[in-house]
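Grab a pencil and open the viewer. Here are some short exercises, each with a worked solution.

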Amino acid sequence: MDAAALVPAARPAADAAPVPAGPGGRVPAFRPQLPCADRLLPYLQRIDAARIYSNRGPLVWELEIRLARAMGLPGHAVHAAASGMLALVLAILTHAGRGDPAGPRPLALVPGLTFVATAQAAELCGYRPVFVDVDPARWTVDPSALRTHPALARAGLVLAAAPYGVLPDMAGLERLQAATGVPVVVDAAAGFEALCDAPGSASATVPMVLSFHATKGFSTGEGGAVIWDCEDARLRLIRTGNFGFLGTREARGPGLNAKMSEYHAAVGLAMLDDLGPRRQAQARVAASYGQAAATAGLRGRLHLPPRISPAYALYEATDAAACDRAAAVLDAAFIDSRRWYGRGVDREPWYAPAQAAPGPFPDAPPDLSADLSAAAPKAPLPAAHDLCDRLLGLPTAPDLDAAGIARIIAALAAAEAGSDGGAGAAPRPPA
Ligand SMILES: *Cc1c(COP(=O)(O)O)cnc(C)c1O
């Protein structure tokens, strides 16, 4: 994190910062703002006094309990981890076990509309990802469609996702798991605020995973958590995340080091101290975006919190070309934008090596498609690809002010006007 970001989180609105400017005066796609040094100090002094720095110390326990309270859950339902991806690996190993490439169920069903880490976590746990489409209106996998997916019979894991923090149909996923016996895990990386807004909604049977990366709405710098309202799972998560040790120094199961340090917990605790003002600031940014878009005739083109995570503000273009045009117009106005999920996980060169342009590394990725094709022929993912092509992440930050937002919306309006001579294309209804 750069030093310029170390300013108080609960800055009063009247004192709002100017447009957040990154290097070269550009507006960055996301400008994190974590707790400043003096908010951290009391927690750091507790670490100094206790001389406990790692191995699930007192600050990690306190963070778990306070996070659970924020989401209306019992304390056992939150298990902190060193990152979102490690929390995902931990949840998969604990709930589904390691994938066996030679066994009857070597596959993991993974949505195309998510961050690449979702598929990488399945792969790290020994599963071969098979990409599945999402519901075009909901953006998440449709559990009843998955029940008839041809690869389900060879799947040892279903990984659902919460794209942009939009939670999937958890009850439907619980039923899918109960009916098929295939373990389900949800990568709900940006879903913290959604879980806070629907208290008590964690599942007892389907673990969810959060990321506390600096680009998420709630952050410990790097960090994550497994959200699983199951007391029995708790000790298994602790064991798997600590080299398979529990009580003794004997490995009694699959293991890794997925533990959060006391220093990262300190950041999370300081962030929780100011959670109310932070969420108000995020709501102000969303309201400001909504007003500016309505004034510019772009209502219905933006997806904003609370429907999505406050880590994002999304523009939905009519088609891929209009989305590219909007990104180019923003870029020319020194405004960054981002397709957060690229063109779809299945189109990452690692997963689609045949279509990949030559890259900077001498090792080409192995051709994963050949031995997969028999088990799971690649299916088209029209909805996931359409959404990846048309959704553009606009800049956001907890202190992005109205003037900055006006600049961003003006550039978008210009892009739309340029695309159709100012007549205004018919907006799609919001999902
Ligand atoms: C942010 C994110 C991750 C990665 O989380 P880390 O904490 O950076 O490891 C994984 N999946 C999704 C969907 C994300 O948005």
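Before starting, one cut-off: a residue counts as buried when its relative accessible area is under 20%, as exposed when over 50%, and as partly exposed in between. Cys-36 has 7% relative accessibility, so it goes in the buried bin. Keep in mind that this is a predicted model.

**Exercise 1. Sort Cys-125, Tyr-164 and Phe-243 into buried, partly exposed or exposed, then look at the backbone of the last two**.

Step 1. Cys-125 has a relative accessible area of 1%, so it is buried. While you're on cysteines, a search of the whole structure turns up 0 disulfides.

Step 2. Tyr-164 sits at 2% relative accessibility, so it is buried too. Find it in the loop between β4 (155-161) and α6 (170-180).

Step 3. Phe-243 comes out at 40% relative accessibility, so call it partly exposed. Its home is the loop between α8 (231-240) and α9 (262-273).

Step 4. Now the backbone. Most residues other than glycine have a negative phi, and most peptide bonds are trans. Tyr-164 has a positive phi, near 55°, and Phe-243 has a positive phi near 65°.

Step 5. For a peptide bond worth a look, go to Pro-305 and Pro-306: the bond between them is cis, with omega near 5°. Pro-306 belongs to the loop between β8 (302-303) and β9 (313-316).

**Exercise 2. Check the span of helix α3 (residues 84-95), then describe its ends and its surroundings**.

Step 1. Take 1.5 Å a residue. The 12 residues of α3 should then span 16 Å, and the end C-alpha atoms are 16 Å apart, so the two agree.

Step 2. Look at the N-terminal end. Ser-83 is the cap there, with a side-chain oxygen 3.4 Å from the backbone nitrogen of Met-85.

Step 3. Go past the other end. Just after α3, Gly-97 has a positive phi of about 80°.

Step 4. Count the covered residues: 9 of the 12 in α3 are buried. Among them are Gly-84, Ala-87, Leu-88 and Thr-94.

Step 5. Zoom in on Thr-94, part of α3. At 8% relative accessibility, Thr-94 counts as buried. Its side chain reaches the backbone oxygen of Leu-90 at 2.7 Å. Leaving out neighbours within four places in sequence, Thr-94 contacts Trp-228, Arg-236, Leu-237 and Thr-240.

**Exercise 3. What does Ala-225 contact, apart from neighbours within four places in sequence****?**

Step 1. Place it: Ala-225 is in strand β7 (residues 224-227). With a relative accessible area of 0%, Ala-225 is buried.

Step 2. List the contacts: Val-78, His-79, Ala-80, Ala-81, Ala-87, Met-208, Val-209, Leu-210 and Phe-212.

Step 3. Add a distance across the chain. Ala-225 and Leu-88 are 137 residues apart in sequence, yet 8.4 Å separates their C-alpha atoms.

**Exercise 4. Which residues touch the most other members of the largest nonpolar core****?**

Step 1. Recall the background: in soluble globular proteins, nonpolar side chains tend to be buried together.

Step 2. The largest core here has 105 residues, and Met-71 and Ile-227 touch the most other members.

Step 3. Follow Met-71 outward, skipping neighbours within four places in sequence. Its contacts include Val-78, Phe-192, Leu-195, Leu-210 and Ile-227.

Step 4. Don't stop there: a second, separate core holds 27 residues, including Leu-304, Ala-313, Leu-392 and Ile-409.

**Exercise 5. Where is Ser-203, and what does its side chain reach****?**

Step 1. Ser-203 is in the loop between α7 (192-197) and β6 (208-211). At 1% relative accessibility, Ser-203 is buried.

Step 2. A polar atom of its side chain lies 3.0 Å from the backbone nitrogen of Thr-205, and one lies 2.8 Å from the backbone nitrogen of Val-206.

Step 3. Not counting residues up to four places away in sequence, Ser-203 touches Met-170, Glu-174, Trp-228 and Asp-229.

**Exercise 6. How many residues surround the ligand, and which are the closest****?**

Step 1. There are 13 around it, the closest being Gly-84, Met-85, Asp-187, Ser-211 and Lys-216.

Step 2. Start with the backbone. A polar backbone atom of Gly-84 is 2.7 Å from a ligand oxygen, and a backbone N or O atom of Met-85 is 2.9 Å from a ligand oxygen.

Step 3. Finish with a side chain: an N or O atom in that of Ser-211 lies 2.7 Å from an oxygen atom of the ligand.

Notes
Residues are numbered from 1 along each chain as its sequence is written. This is a predicted model: local features need pLDDT of at least 70, side-chain atom pairs count only at pLDDT 80 or more; totals for chains, interfaces and linings use all residues. Side-chain values use heavy atoms; hydrogens and water are left out. Helices (H or I, at least four residues) and strands (E, at least two) are DSSP runs, numbered from the N terminus. The expected span of a helix is 1.5 Å times one less than its number of residues. Buried means under 20% relative accessible area, exposed over 50%, partly exposed in between (1.4 Å probe, protein chains only). A polar contact is a pair of N or O atoms within 3.5 Å; within protein, one must be able to donate a hydrogen and the other to accept it, and residues adjacent in sequence count only if both atoms are side-chain atoms. A nonpolar core is a set of buried Ala, Val, Leu, Ile, Met, Phe, Trp, Tyr and Cys residues joined through side-chain atoms within 4.5 Å. Contact means heavy atoms within 4.5 Å. A disulfide is a pair of cysteine sulfur atoms within 2.5 Å. A residue is near a molecule or strand if one of its heavy atoms lies within 4 Å of it.
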